[in-house]
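Q: Hi! Could you walk me through this structure before I head back to the bench?

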Amino acid sequence: MKEFNIAVVPGDGVGREVVAAACQALEEAQQAAGGFRLIFKEYSVGKQAYDSCGIVLPEESLCGMRQSAATLLGALSAELVPPPSPTGQLRTKLELFADIRPIRSFRGAWSLRPDIDIVCIRENTQGFLADRNLFKGYGEFMPTEDVVMSVRVLARKNCERIARYAFEYARAHKRKKVTVAHKANVLHLGCGFFLGIVREIAAEFADITLDDDYVDNIANTLISAPDKYDVLLATNLFGDILSDEAAALVSNLVPTANIGPEAAVFRPIHEARLKEAGQNITNPLSAILCGSMMLRYLGEAAAAQLIENAVEEVLVQGRVRPRELGGESLLSEITNAVCEKIRR
């Protein structure tokens with residue numbers, strides 16, 4: 001029997017509750033599908049780690065995530081600890097260069113259209129995000145009290161790496177087109193540099209069509225004609241915004257993966273939601289879908305499909321429903337309903 005060590009990082013706020021829901025669903029899926037075993041081990045990151053040892057990302061936790069087959073992360077809050085943000089530090093220290101967010105419609109939940117199926121991929125370690133784009137220092141500064149300057153960083157090797165990842169992902173998942181979001185008409189050097197590198201990489205993938213468009217046009221077209229997109233590729237800030245917009249088109253029932261050469265971290269779309277913590281009211285479905293996405297990454301597609309089918313059946317049946325989808329069900333009720341469907 002195959003065994004996979006899974007690092008569990010509850011993090012902050014509602015993280016502990018939603019990651020526990022994901023683990024519960026995963027345990028049911030491994031029992032129902034058979035043929036593999038998940039071995040969970042918890043690691044401390046975020047406010048709990050800061051309170052106990054004075055740092056947000058203890059080396060023991062980083063080593064545990066590197067040595068595990070995958071990591072399930074609940075949520076991290078930048079409000080509870082000194083800067084830079086825990087999420088930015090995690091992505092930098094583990095070199096989690098690719099952010100992958102599959103956007104798909106689920107029956108039983110509102111979506112703009114019933115057949116949305118897009119994958120958003122963004123570079124995760126550079127760009128305009130000032131808390132992670134420099135080796136030392138911070139990517140924003142004030143030359144005078146009335147002027148702020150923000151630095152965007154794009155390195156050729158990072159652009160090549162994310163471009164190649166996007167095309168390899170498209171090929172592996174039988175997708176036909178990669179669309180690059182940019183603003184090369186204004187940011188001639190930065191976006192032009194990125195777009196040129198993507199075009200170079202695209203030449204190696206004759207079976208995948210390359211398209212590109214201005215980021216503001218894509219933001220509009222995601223709403224007016226989302227079927228135009230298959231894989232969306234962007235630099236960090238553009239991709240951060242577009243992937244959140246795309247998630248809203250499918251009621252935010254969206255998992256996220258952060259992938260690097262040494263680690264793979266799966267986390268729900270939502271933040272720590274500090275005011276909801278401990279109340280058993282948060283929607284756990286994004287975290288549960290992270291478990292499914294993780295199983296596909298591990299090669300356990302049958303077990304992953306059990307989870308996805310169960311989530312959709314619960315939504316269609318409608319007996320339990322998250323508050324943000326118009327229901328009144330508790331986190332534990334939703335989790336138990338999904339697990340019951342998996343067992344069947």
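A: Happy to; we can talk about the sheet, the cysteines, the salt bridges and a surface patch. Please keep in mind that this is a predicted model.

Q: Good to know. In what order do the strands of the open sheet come?
A: The order is β2-β1-β3-β12-β11-β4-β5-β10-β8-β9, so to speak from one edge to the other, 10 strands with mixed pairing. The edge strands, each pairing on one side only, are β2 (36-42) and β9 (209-214).

Q: And by how many degrees are neighbouring strands turned against each other?
A: On average by 25 degrees, with direction ignored.

Q: Let's zoom in on β12. Is that strand buried or exposed?
A: Five of the five residues of β12 (residues 264-268) are buried, so the strand is largely enclosed by the rest of the structure. Both faces are covered: Ala264, Phe266 and Pro268 lie on one side, and Val265 and Arg267 on the other.

Q: Which way does β12 run relative to β11?
A: Those two pair in the antiparallel sense, over five bridges, with β11 covering residues 255-259. Proline 255 has proline 268 as its bridge partner in β12. The two strands form a hairpin, with four residues between them.

Q: What about the pairing of β12 with β3?
A: Here the strands run parallel, and two bridges join β3 (residues 70-75) to β12. Threonine 71 is partnered with valine 265 of β12.

Q: OK, over to β10. How many bridges join it to β5?
A: Four, and the strands, β5 (residues 117-123) and β10 (residues 231-234), run parallel. In that pairing, valine 119 has valine 231 of β10 as its bridge partner.

Q: And how many join β10 to β8?
A: Three bridges link β8 (residues 177-182) to β10, again in a parallel arrangement. Threonine 179 is partnered with leucine 232 of β10.

Q: Where do the side chains of β10 point?
A: Val231 and Leu233 point one way, while Leu232 and Ala234 point the other way, and all are buried.

Q: Switching topic: how many disulfides are there?
A: Zero, after a search of the whole structure.

Q: Why is cysteine 159 not in a bond?
A: The closest cysteine sulfur belongs to cysteine 191 and is 10.0 Å from the sulfur of cysteine 159, which is too far for a bond. Cysteine 159 counts as buried, at 2% relative accessibility.

Q: And what is nearest to the sulfur of cysteine 290?
A: That would be the sulfur of cysteine 23, 11 Å away, and cysteine 290 is in no disulfide. Cysteine 290 is buried as well, with a relative accessible area of 1%.

Q: Now charges. How many salt bridges does the structure hold?
A: There are 29. One of them is between glutamate 300 and lysine 2, with the closest N and O atoms 2.5 Å apart.

Q: Which parts does that pair, glutamate 300 and lysine 2, tie together?
A: Glutamate 300 lies in the loop between α9 (285-297) and α10 (301-317), and lysine 2 lies in strand β1 (residues 2-11), so the pair ties together parts that are 298 residues apart in sequence. Glutamate 300 is buried, with a relative accessible area of 10%, whereas lysine 2 counts as partly exposed at 42%.

Q: Is the pair of aspartate 99 and arginine 122 buried or exposed?
A: Aspartate 99 is buried, and so is arginine 122. Their side chains meet in a salt bridge at 3.7 Å, N to O. Aspartate 99 sits in β4 (residues 98-104) and arginine 122 in β5, so the link ties together parts that are 23 residues apart in sequence.

Q: What does arginine 199 meet in a salt bridge?
A: Its partner is aspartate 212, at 3.4 Å from N to O. Arginine 199 lies in helix α6 (residues 190-202) and aspartate 212 in strand β9, so parts that are 13 residues apart in sequence are tied together. Arginine 199 counts as partly exposed at 45% relative accessibility, and aspartate 212 is partly exposed at 27%.

Q: Which residues are linked in a network of salt bridges?
A: Arg104, Arg107, Arg296, Glu308 and Glu312.

Q: Last one: what makes the nonpolar surface patch?
A: Trp110, Leu112 and Ile223 make it, and the patch is about 300 Å². Isoleucine 223 is in helix α7 (residues 215-224) and is partly exposed, with a relative accessible area of 46%.

Conventions:
Residues numbered from 1 in each chain as written. Predicted model: local features only at pLDDT ≥ 70, side-chain atom pairs only at ≥ 80, totals over all residues. Heavy atoms only, no water. Pairing = 2+ DSSP bridges. Axes fitted to C-alpha atoms, helices over the stretch in contact; angles between N-to-C directions. Patch = residues over 30% accessible without salt bridge, like charges linked within 9 Å, V, L, I, M, F, W, Y side chains within 5 Å. Areas by Shrake-Rupley, 256 points an atom, 1.4 Å probe, with all protein chains shown as cover. Salt bridge = Lys/Arg side-chain N within 4 Å of Asp/Glu carboxyl O. Buried < 20%, exposed > 50% of the residue type's maximum accessible area, 1.4 Å probe, protein only. Disulfide = S-S within 2.5 Å.
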